[in-house]
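Welcome, and thanks for opening your viewer! Let's take a short walk through the model, one selection at a time.

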Amino acid sequence: MRKLPKIELHCHLDGSVRAETILDIARKENLELPSYNINDIKKLVQVPIDCTSLDEYLKKFDLANKVMQTKESIKRVTFELVEDAANENVKYIEIRFAPMLHMKKGLSIKEVIQSVLKGMNQACEKYEIKANLILGCMRNMSVEDAELVVKEGKEFLGKGVVAIDLCGPEVEGFATKYKKAIESARSYGYRVTIHAGEAASGKNVIDAINLLGAERIGHGINIKDMKEAYDLVKRTNVTLEMCPTSNLHTKAIDKISDYPFFNFYKDDLSVTLNTDNRTVSDVDLTNEISLVKDNFNMSEEDYKRIYLNSVDATFADEDTKMWLKSLI
Ligand SMILES: O=c1[nH]cnc2c1ncn2[C@@H]1O[C@H](CO)[C@@H](O)[C@H]1O
Ligand SMILES: [Zn+2]
């Protein structure tokens, strides 16, 4: 599994910072941590298996965000994420982050994005991997904040930024509020992926597609319980970015045998496999693919089809897509 070429479309930068790096940056920047013992740090940033909800899961991001407030540290953690991905043969990764979370020490949205881009480009030069960025707008911040991210980020379109996302806590009916912001993002040329149907119902997936023009959905697992949402995803061929271990952690499912990924796949939905958060969920993509392979008898042929689904669903340019197709 490790050796297979891989594609990752849903990976949060702040959820994927190495615990060792959190400790190291905190020491260098004289930041206060609750402990300076690596095992304690791991406990603080990894979610326990008895986590009960997405809201509880989201509390695990605070420490990583604390060490992602300077240009140098943001560049470093991005470089390391791409390095970690390249080391397990991920050939293409779309990294998402919410610029507004990294302005506590005075960085501007543009400076945050530039720092992430620098780390990403440096790693892509060193390793055989390509990458792009997705800008996240936090649903627990204001609509004006989302509009600001869209506006400030647009000059990086075509230079590494490809898409916009809404992330953070999910309430029923969140989409309406962001209609205008996402509409303007689309008009600038952002592609659109939206976290939906993860901690709330499939209705949010319907809204993300119909109101926001989502081409991909983060998770979308709850369409399994709503025929109308399921049929819409199938009819529109919208891609689901699925993340098994994360869904176990947030209790979108109780056990892996309930995971609908393989049923979705067999019914020809466009599904992809991703980590969501490498550190918070303590996984890599090899893990996630193995989990599905072992529990659902996924064959090598199946994996190839899923890989090719992922290529089609990337927000990458045609040359990159052709290159990715040639690898499998
Ligand atoms: O699975 C998820 N669902 C919703 N929001 C998430 C998930 N994982 C991470 N984040 C949120 O996205 C922010 C930017 O990366 C993170 O800080 C976290 O709050
Ligand atoms: Zn996510």
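On this tour, a residue counts as near a molecule if its C-beta atom, placed from the backbone, lies within 6 Å of it. Keep in mind that the model you are looking at is predicted.

**Stop 1: the ligand.** Select ligand 1 and show what surrounds it. There are 18 residues around ligand 1, and those that come nearest are His12, Phe61, Ala98, Cys167 and His195. Try colouring this shell by residue type: seven of its residues are nonpolar, seven are polar and four are charged.

**Stop 2: Glu198.** Next, select Glu198, which the UniProt annotation "active site" covers, in an unreviewed entry. You will find Glu198 in the loop that runs between strand S5 (191-196) and helix H9 (203-210). Is Glu198 buried or exposed? It is buried, because 23 other C-beta atoms lie within 10 Å, and the cut-off for buried is 20 or more. Now add some of its contacts from beyond four places in sequence, including Leu54, Glu170, His219 and Thr250.

**Stop 3: helix H10.** Move on to residues 227-236, which form helix H10, and pick out the buried Ala229, Tyr230 and Val233. Look down the axis of H10: the buried residues fall within an arc of 100°, so they line one face of the helix. An α-helix has 3.6 residues a turn, so residues three or four places apart point the same way. Helix H9 and strand S7 (239-242) are among the elements that cover the buried residues of H10. Turn to the other side of H10 and you meet the exposed Lys227, Glu228, Asp231 and Arg235.

**Last stop.** Just after H10, select Asn237, which takes a positive phi of about 60°.

Key: Residues are numbered from 1 along each chain as its sequence is written. Chains are lettered from A and ligands numbered from 1 in the order in which they are written. This is a predicted model: local features need pLDDT of at least 70, side-chain atom pairs count only at pLDDT 80 or more; totals for chains, interfaces and linings use all residues. UniProt positions are given in the numbering used here, feature names are shortened, and annotations may be inferred rather than shown by experiment. Helices (H or I, at least four residues) and strands (E, at least two) are DSSP runs, numbered from the N terminus. A residue is buried if 20 or more other C-beta atoms lie within 10 Å of its own, exposed if 12 or fewer, and partly exposed in between; C-beta atoms are placed from the backbone. Two residues are in contact if their C-beta atoms, placed from the backbone, lie within 7 Å. Ala, Val, Leu, Ile, Met, Phe, Trp, Tyr, Cys and Pro count as nonpolar, Asp, Glu, Lys and Arg as charged, and the others, Gly among them, as polar. The arc is that of the directions from the helix axis to the C-beta atoms.
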